[in-house]
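Me: Could you walk me through this structure, one question at a time?

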Amino acid sequence: ANPQNPLYIRYHDEEWGRQVTSDQVLFEFLLLESAQAGLSWITILRKREGYKKAFHHFDAVKVAQMTAEDVERLMKFDGIVLKIAGAINNAKCFLAVQKEFGSFYQYIVSFLPGGRPIVNRFTVLSEIPASSPESDALSKDMKKRGFKFFGSTICYAFLQATGFVDDHLEGCFCKK
């Protein structure tokens with residue numbers, strides 16, 4: 001991975017670690033992070049527009065209604081990494097969580113101490129963990145609810161990306 005890549009830099013400076021409260025954006029990151037399993041994040045960033053096209057601009061209701069024909073069609077679409085059935089499955093699970101908790105945001109917040117984002121005070125990249133007790137608990141619960149491709153490491157990356165965990169290093173201009 002090349003942190004000097006302009007796509008990476010823009011993503012870091014404008015999105016990563018910013019608090020997301022919109023369920024639609026949370027669903028987008030859920031789809032992108034789960035697609036990333038086993039791949040580099042830059043691969044997914046490069047294909048983000050393809051994902052937007054393939055998955056109805058990250059509309060969970062429309063994705064949950066996708067059929068075997070949609071899967072067939074998307075198998076030929078090279079704008080995405082395959083894991084299409086997993087995305088449809090996760091959309092259904094996402095909607096079930098929304099119904100139960102009122103929003104996916106509320107569900108995520110329920111795993112955070114005091115329901116507040118976690119702000120870490122790391123000074124070097126090597127201090128940033130790959131997972132946490134919160135991502136372990138969230139991943140375990142999501143697995144129980146039927147989500148796919150969402151182990152603790154992917155969960156932690158999701159929490160970081162969406163600002164539930166602030167792992168910007170001390171001295172980074174993005175640090176709260």
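**Rings and helices**

At 6% relative accessibility, Tyr11 counts as buried (under 20% relative accessible area, with a 1.4 Å probe and protein chains only). This is a predicted model, where local features need pLDDT of at least 70, side-chain atom pairs count only at pLDDT 80 or more, and totals for chains, interfaces and linings use all residues. Residues are numbered from 1 along each chain as its sequence is written, and side-chain values use heavy atoms, leaving out hydrogens and water.

Me: What kind of pair do the rings of Tyr11 and Trp41 form?

Reply: Happy to help! Rings of Phe, Tyr and Trp (its six-membered ring) pair if their centres lie within 6.5 Å; planes under 30 degrees apart count as stacked, over 60 as edge-to-face and the rest as tilted. Here the centres are 5.6 Å apart and the planes lie at 50°, so the pair of Tyr11 and Trp41 is tilted.

Me: And what kind of pair do Phe104 and Phe158 make?

Reply: Phe104 is buried at 0% relative accessibility, and Phe158 is buried at 0% too. Their ring centres are 6.4 Å apart with planes at 80°, so this pair is edge-to-face.

Me: How are H9 and H10 oriented to each other?

Reply: Good one! The axes (lines fitted to C-alpha atoms over the stretch in contact, with angles from 0 to 180 degrees between N-to-C directions) cross at roughly 115°. Angles under 35 degrees count as roughly parallel, over 145 as roughly antiparallel, 65 to 115 as roughly perpendicular and the rest as oblique. H9 and H10 are therefore roughly perpendicular.

Technical notes: Helix = DSSP H or I, 4+ residues; strand = E, 2+ residues; numbered from the N terminus. Buried < 20%, exposed > 50% of the residue type's maximum accessible area, 1.4 Å probe, protein only.
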